[in-house]
Amino acid sequence: MRTQVVIIGSGPAGLLLGQLLTNAGIDNVILERASKAHVLERIRAGVLEEGTVHMLEQAGAADRLHREGLPHDGFDIAFDGRRHRVDLFGLTGKRVMVYGQTEVTRDLMTAREAAGALSVYEAEDVQPHDFDSQRPFVTYRSAGESHRIDCDFIAGCDGYHGVCRRSVPERSIAVYEKIYPFAWLGIIADVPPVSHELIYANHPRGFALCSMRSPTRSRYYVQVPPDEKIENWPDDRFWDEIRHRLPPATAEAMTTAHTVEKSIALMRSFVAEPLRFGRLFLAGDAGHIVPATGAKGLNLAVSDVHYLFEGLREYYSEGSGAGLDAYSERALARVWKAERFSWWMTHTLHRFPDQGAFGQKIQHAELDYLFSSRAALTMLAENYVGLPF
Ligand code: FAD
Ligand code: DHB
């Protein structure tokens, strides 16, 4: 079999790239290791930048997002027992959209099916080959049979644990990494969110975040040690802990219920350089990871896809490789700014085991300064709503 672009991974990066290519008349196949149901069940991101929303519009997969998504003009940071508002719209003229990654994935899968483009789920042993030559190909097994797809390009959209980055010889790739000494325990509960906007809380017992998926579904997180086990967190303990970490009036207003999902996510900063190896391109979590605090992971996957799609479109419609040659540099310039912002949000809002009294005083001064300076708040707001592509 032959196609123009083989996309490895059917997360938001792979699905969005596939849809943009299909709409532009560029043939592509998606190979995904997991089942379709498994991909759809993974509960992850929730906050979309305006640029991400525009990309989903460009892909023709934003109708439901505009009907059901929740536009947010601001959010709160809680510390010292009080909530302080960050007026995103007032500071930047932009807002963010709260709409779950599960829904983004579902909308893109629906659009792909409607377009009749091929996705192979439960593809085993997916392997990119000869991407340093003019004739790359990808092999995989499906339902016990071996397959080979010849192509012009391979898009590695297979996330942090994928095969693409690992297929690159070590001498050709540099990695930059930081692992944080904590994780997030996240839950979902079918109760109205405690506030109509998100609340990020810095508290002596640790960070907490109140987010949502809809007016009747809450998504809450608390900072926990990195080796924490979900079994140690029955629902009652979670609700007691998050309420402790919120200002008293907010804690009192919180409605609790049985949780319908509970999971633990580690916090890591990671960047691979470059993002191009001959005819193989890495996009999204395959090339970089941010700690979740700034809500940037999914949005960065989308900005990578923007640059990669533009490069591929230029190649096929104008016969120019200039956009593809510039891909890695363009994408990484934006990635590093989001890495810096996510690192800063993480440092400003969490308790670190080795922080000490001096570190806590500095963190407090940082928060105090933030809410006394329009310039400082604008720095936060313009990064949170997303830097231009
Ligand atoms: P993935 O979603 O990881 O998709 C990769 C796909 O490749 C997967 O389907 C995987 O099964 C497949 N795959 C892997 N290996 C292979 C293989 N060998 N062969 C074939 N297929 C393979 N981001 C935000 O922007 N905002 C947020 O609010 C936010 N909150 C988050 C909260 C949590 C708790 C977590 C865990 C993450 C959050 N993120 C957030 C990050 C966001 O979810 C990721 O950055 C995003 O999923 C990246 O998309 P992707 O398509 O690059 O990778
Ligand atoms: C969500 C996750 C984040 O990392 C964040 O910063 C904001 C919201 C969420 O899952 O809703």
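Two strands count as paired here if DSSP finds at least two bridges between them. With that in hand, welcome to the close-up views; please keep in mind that this is a predicted model.

**Figure 1. Strands β17 and β20 pair at one end of a mixed sheet.** Strand β17 covers residues 259-273 and runs antiparallel to β20, to which 2 bridges join it. One position to look for is V271, which stands opposite H288 in β20. The wider setting is an open sheet of 8 strands with mixed pairing, ordered β6-β5-β14-β15-β16-β13-β17-β20. Strands β6 and β20 (288-289) each have a single partner strand and stand at the edges, so one side of each has no neighbour in the sheet.

**Figure 2. The hairpin of β5 and β6 has 2 residues between its strands.** Here we visit the other end of the sheet order, where β6 is followed by β5. Strand β5 (residues 75-79) and strand β6 (residues 82-86) are antiparallel partners, with 5 bridges between them. I77 makes a good landmark: its bridge partner in β6 is H84. In the same hairpin, D80 takes a positive phi near 55°.

**Figure 3. Three antiparallel strands form an open sheet in the order β9-β10-β11.** Strands β9 (124-129) and β11 (145-150) take the edge positions, each with a single partner strand, and so one side of each is left without a neighbour in the sheet. Direction ignored, neighbouring strands of this sheet are turned by 15° against each other on average. Between β10 (residues 137-142) and β11, the antiparallel pairing extends over 6 bridges. To find this pairing on screen, start from F137, which stands opposite D150 in β11.

**Figure 4. Two loops carry backbone details worth a second look.** In the loop between β17 and β18 (276-277) sits P274. The peptide bond that joins E273 and P274 is cis, with an omega of about -5°. The other stop is E122, in the loop between β8 (118-120) and β9. Although E122 is not a glycine, its phi is positive, at about 55°.

**Figure 5. Helices α9 and α10 lie side by side with their axes within 8 Å.** Helix α9 spans residues 297-318 and helix α10 spans residues 322-349; their axes cross at roughly 170°. At that angle the two helices are therefore roughly antiparallel. The crossing is right-handed. Among the residues of α9 that take part are L300, Y307, L308, L312 and Y315, and among those they meet in α10 are L324, Y327, A331, V335 and A338. The contact also includes D304, E310 and E314 from α9, together with R330 and R334 from α10. Counted by class, the residues of this contact are 11 nonpolar, 3 polar and 5 charged.

**Figure 6. Helix α1 also packs on α9, with the axes 9 Å apart.** What angle do α1 (residues 12-23) and α9 make as they pack? The angle is about 30°. The two helices are therefore roughly parallel to each other. Their crossing is right-handed. On the α1 side, P12, A13, L16, L17, L20 and L21 take part, and they meet L298, A301, V302, D304, V305, L308, F309 and L312 in α9. This contact is made up of 13 nonpolar residues and 1 charged residue, with no polar ones.

**Figure 7. Helix α3 is another partner of α9, at an angle of about 55°.** The axes of α3 (residues 50-58) and α9 are 9 Å apart. With this angle, α3 is therefore oblique to α9. The crossing of this pair is left-handed. From α3 come G51, T52 and M55, and they meet N299, V302, S303, V305 and H306 in α9. Sorted by class, the contact has 3 nonpolar and 5 polar residues and no charged ones. Some of these α9 residues appear in other views too: V302 and V305 also take part in the contact with α1, and S303 also belongs to the contact with α10.

**Figure 8. Domain 1 and domain 2 have centres separated by 29 Å.** Domain 1 is assembled from the segments 5-72, 96-174 and 269-347, while domain 2 combines 178-267 with 351-384. Where the two domains touch, 11 residues of domain 1 are in contact with 15 residues of domain 2. The domain 1 side of this contact has 5 nonpolar and 6 polar residues, and no charged ones.

Conventions:
Residues numbered from 1 in each chain as written. Chains lettered and ligands numbered in written order. Predicted model: local features only at pLDDT ≥ 70, side-chain atom pairs only at ≥ 80, totals over all residues. Helix = DSSP H or I, 4+ residues; strand = E, 2+ residues; numbered from the N terminus. Axes fitted to C-alpha atoms, helices over the stretch in contact; angles between N-to-C directions. Domains from an automatic or database assignment. Contact = placed C-beta atoms within 7 Å. Nonpolar A, V, L, I, M, F, W, Y, C, P; charged D, E, K, R; others polar. Parallel < 35°, antiparallel > 145°, perpendicular 65-115°, else oblique. Left-handed = near helix turned anticlockwise from the far one by under 90°.
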